[in-house]
Amino acid sequence: MAIVLHDLAGVEDRRFSPYCWRARLALHHKQLDHEARGVTYADIQAFSEDYGSTTPVLDDNGHIVPDSGAIATYLEATYPDRPSLFGGEPGRALTRFVENWTATAVHASLGGMVVKDIHDHVVEGDRAYFRQSREARFGATLEATQTGREDRLPDFRKGLAPLRLTLRQQPFLGGDAPIYADYIVVAAFQWARTISDFRLVEADDPVWHWIERLGDLHGGLLRDAPSYY
């Protein structure tokens, strides 16, 4: 297979990286045959000199592209005959806002609510590294960081108001069909549901209905992945 995506994997082959999910969704959107090859944190360290120190990493016939955003840009430029990820330059510019909003309004809160669950789902050999690096990042133990998440959940849900209001007016952020902006945001929820049974949104929330709509696409890629709900 010509295209390989190095994709972070944990126990039971659970693919939990939101950035890797962005890349996988982009490849499916472009209708490109590929292999999503699971790697561990230890694997990343082993091939970091060639591929960089994070995932995802795209290998397209020997052309290496690290970083989910760079991968989306590369796919759009290299395969212009396939469905567009951005819908033109205005869509690409708007995607930058969505990416920044997701980082500050979604990832910043979500990570602390599931960090111990992530630790419990990385492979055994990765757990010491994960604990050390994340406890340094959060300035507390994984257990302490995740404790009290039920009390933080209402504020997290309230912060989804711009997303929720948009999805009450249209089925996707891209309008009638998804674009890369949809994949950026939904990847965060996919990250959580693959490693935790802690529900971030209720079943009657427009955000959840949107997640389900995206789950029906691309052969059920999101829906059929190992997850808790």
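This report describes the pockets, the nonpolar core, one strand pair and one buried histidine of a predicted model.

## Basis of the values

The model is predicted, and local features need pLDDT of at least 70, side-chain atom pairs count only at pLDDT 80 or more, and totals for chains, interfaces and linings use all residues. Residues are numbered from 1 along each chain as its sequence is written, and side-chain values use heavy atoms, with hydrogens and water left out.

## Pockets

The largest pocket (an open set of points on a 1 Å grid over the protein atoms alone, where a 1.4 Å probe fits, with protein on both sides within 12 Å along at least five of seven lines) has a volume of about 530 Å³, a volume being the space filled by probe spheres set on the points, which are joined across faces, edges and corners. Its lining, meaning residues with an atom within 4 Å of a point, comprises 23 residues, of which Tyr 19, Tyr 41, Arg 134, Arg 137 and Trp 191 lie nearest the centre. At least two lining residues come from each of α1 (18-29), α2 (41-51), α4 (89-121) and α5 (127-138), where helices are DSSP runs of H or I with at least four residues, strands are runs of E with at least two, and both are numbered from the N terminus. By class, this lining has 13 nonpolar, eight polar and two charged residues; Ala, Val, Leu, Ile, Met, Phe, Trp, Tyr, Cys and Pro count as nonpolar, Asp, Glu, Lys and Arg as charged, and the others, Gly among them, as polar.

The second largest pocket holds about 210 Å³ of space, and its lining has ten nonpolar, two polar and no charged residues. Helix α4 gives the most to that lining, with four residues.

## Nonpolar core

The largest nonpolar core (buried Ala, Val, Leu, Ile, Met, Phe, Trp, Tyr and Cys residues joined through side-chain atoms within 4.5 Å) has 66 residues, and Leu 200 and Trp 210 are among those that touch the most other members. Helix α9 gives the most to this core, with twelve residues.

## Strand pair and His 107

Strands β3 (residues 57-60) and β4 (residues 63-66) run antiparallel and are joined by four bridges, where pairing requires at least two DSSP bridges. Asn 61, in their hairpin, takes a positive phi near 55°.

His 107 lies in helix α4 and is buried, with a relative accessible area of 11% (buried is under 20%, exposed over 50% and partly exposed in between, with a 1.4 Å probe and protein chains only). Leaving aside neighbours within four places in sequence, His 107 is in contact with residues including Tyr 19 and Trp 191, contact meaning heavy atoms within 4.5 Å.
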